[in-house]
Amino acid sequence: MDLFEYARELNKDKESPLAGRMRPATLDEVVGQEHIIGKDKLLYRAIKADKISSIIFYGPPGTGKTTLAKVIANTTKANFVQMNATTSGKKDMQEAVADAKESLGMYQKKTILFIDEIHRFNKAQQDYLLPFVEDGTIILIGATTENPYFEVNQALISRSNVFELHSLDKEDIKKLIVRAITDDEKGMGIYGATITDDALDFLSDMAEGDARSALNAIELGILTTEPAEDGKIHIDIDVAQECIQRRVTKYDKDGDNHYDVISAFIKSMRGSDPDAAIYYLARMIDAGESVTFIARRIMICASEDVGNADPQALQVAVAASQAVERIGMPEARIILAQAVTYVASAPKSNAAYMAVDQALESVRNHKIGAVPNHLRDAHYKGAAKLGHGIGYKYAHDYPDHYVKQQYLPDELLGTTFYEPTENGYEKNIKEYLERIRK
């Protein structure tokens with residue numbers, strides 16, 4: 001380390017962003033996550049006793065994954081090595097493992113290897129760690145914003161405790177903002193800033209549970225606001241709104257939040273709640289979700305959940321899909337809103353969906369019955385000699401364009417796959433089928 005690097009290390013804490021400086025050093029300073037670090041919880045006891053085993057921290061940005069790793073680093077007697085999967089590779093891991101082996105062999109000292117954004121390591125890189133986690137050479141702490149059960153090697157998962165961190169609630173964010181404003185050592189206390197109740201309430205609400213977002217906003221507000229006549233910096237609602245002009249949108253188009261929101265969107269349409277459906281639509285639009293993706297989900301819902309209770313729903317959904325492709329944003333939002341509210345408000349039936357799945361189950365798991373002779377193609381050469389098509393009754397030659405005859409194979413006679421409900425238009429279908437079947 002040269003003089004410049006040494007000087008940089010000395011000044012790093014002072015020059016780093018407020019969110020970095022305010023990271024808790026001890027468990028008692030951590031705000032939120034009581035479900036995993038409450039004083040009676042396993043993780044709290046393990047950290048206090050310095051008996052950490054391999055861990056995966058999983059949760060949205062700004063919820064304290066790296067913070068908890070730093071707390072462990074400050075608490076443990078083991079060596080603590082940190083790397084980020086976006087900038088590190090196998091060579092870095094090899095060096096960390098070699099040092100861990102030496103420390104364990106010569107000094108009987110364990111090594112904790114913290115890998116931030118571990119999901120960004122590919123399968124081969126994650127596989128490399130497995131034997132060293134297995135034999136205790138390293139204790140792995142991984143942090144990820146993605147669902148580890150999909151993104152992290154299952155063998156590593158099985159050897160680790162997975163702890164899910166939740167978004168901080170509004171009161172937690174308030175505590176952190178007040179702490180940052182008043183802390184003379186690590187925070188902004190030397191600036192003599194004050195914050196009004198409505199500004200505090202606004203910032204804690206707009207941060208959407210992301211502590212980093214809230215701290216970045218308050219730091220910007222204090223550093224860019226001139227002191228008033230009393231010499232203090234006053235953070236009022238106007239300053240707060242300038243510092244965080246747009247609510248933090250928690251929506252990663254490749255991550256869990258994407259699937260959670262689209263799931264809620266579909267279930268709201270299925271549950272006939274147009275207000276909830278339009279809300280989740282707005283969240284997806286605001287986050288930049290593909291309008292064609294949204295339109296596809298509406299079409300599926302129109303068929304799967306509305307079905308023949310309102311056959312018009314599928315037509316509306318298909319028309320909306322074609323229209324948004326031609327028009328694009330921002331006007332596409334109006335078309336999507338029309339389709340969403342129509343599908344959500346329509347009577348519901350999944351009878352057609354259930355019918356095809358039951359029929360597929362029959363086809364896949366039971367003997368395939370022969371097509372009755374009278375239904376077989378009678379137009380090819382030799383068909384008549386085989387009796388194909390003989391005896392078929394043409395429905396349009398009979399009253400009401402219906403005649404009773406066998407259509408299912410012998411093995412399935414009497415089987416019913418489609419059972420119409422009494423919802424919407426499907427009630428008419430049910431009554432018609434009951435009438436002709438008599």
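## Salt bridges, a buried helix and a surface patch

Asp-305 is buried, with a relative accessible area of 7%, and in this predicted model the side chain of Asp-305 meets that of Arg-270 in a salt bridge, with 2.8 Å from N to O. The two residues come from distant parts of the chain, since Arg-270 belongs to helix H14 (residues 256-270) and Asp-305 to helix H16 (residues 291-306), 35 residues apart. Arg-270, unlike its buried partner, is partly exposed, with a relative accessible area of 36%.

This pair belongs to a wider set, for the count comes to 11 salt bridges. Some of them join up: Lys-170, Glu-171, Lys-174 and Asp-201 are linked in a network of salt bridges. Within this network, Lys-174 forms a salt bridge with Glu-171, where the closest N and O atoms are 3.6 Å apart. Both of these residues lie in helix H10 (residues 170-182), three residues apart, which is about one turn of the helix. An α-helix has 3.6 residues a turn, so residues three or four places apart point the same way.

Lys-174 also meets the side chain of Asp-201 in a salt bridge, at 3.3 Å from N to O. Because Lys-174 lies in helix H10 and Asp-201 in helix H11 (residues 197-206), this pair ties together parts that are 27 residues apart in sequence. Lys-174 counts as buried at 18% relative accessibility, while Glu-171 is partly exposed at 47% and Asp-201 is partly exposed at 31%.

From these charged pairs we can turn to helix H7 (residues 123-134), which has 12 residues and reaches 17 Å from its first C-alpha to its last, close to the 16 Å expected at 1.5 Å a residue. Several residues of H7 are buried, among them Tyr-128, Leu-129, Leu-130, Phe-132 and Val-133. The buried residues of this helix pack against helix H6 (90-107), strand S3 (111-116) and strand S4 (139-144), as well as helix H8 (148-151) and helix H9 (154-158).

Nonpolar side chains are also found on the surface, where Tyr-353, Met-354, Val-356 and Leu-360 form a nonpolar patch with about 310 Å² of accessible area together. Met-354 lies in helix H19 (residues 351-365) and is partly exposed, with a relative accessible area of 36%.

Finally, the cysteines deserve a look. A disulfide is a covalent bond between the sulfur atoms of two cysteines. The structure holds zero disulfides; among its cysteines, Cys-243 counts as buried at 16% relative accessibility, and Cys-301 is buried with a relative accessible area of 2%.

Technical notes. Residues numbered from 1 in each chain as written. Predicted model: local features only at pLDDT ≥ 70, side-chain atom pairs only at ≥ 80, totals over all residues. Heavy atoms only, no water. Patch = residues over 30% accessible without salt bridge, like charges linked within 9 Å, V, L, I, M, F, W, Y side chains within 5 Å. Areas by Shrake-Rupley, 256 points an atom, 1.4 Å probe, with all protein chains shown as cover. Salt bridge = Lys/Arg side-chain N within 4 Å of Asp/Glu carboxyl O. Helix = DSSP H or I, 4+ residues; strand = E, 2+ residues; numbered from the N terminus. Buried < 20%, exposed > 50% of the residue type's maximum accessible area, 1.4 Å probe, protein only. Disulfide = S-S within 2.5 Å. Expected span 1.5 Å × (residues − 1). Contact = heavy atoms within 4.5 Å.
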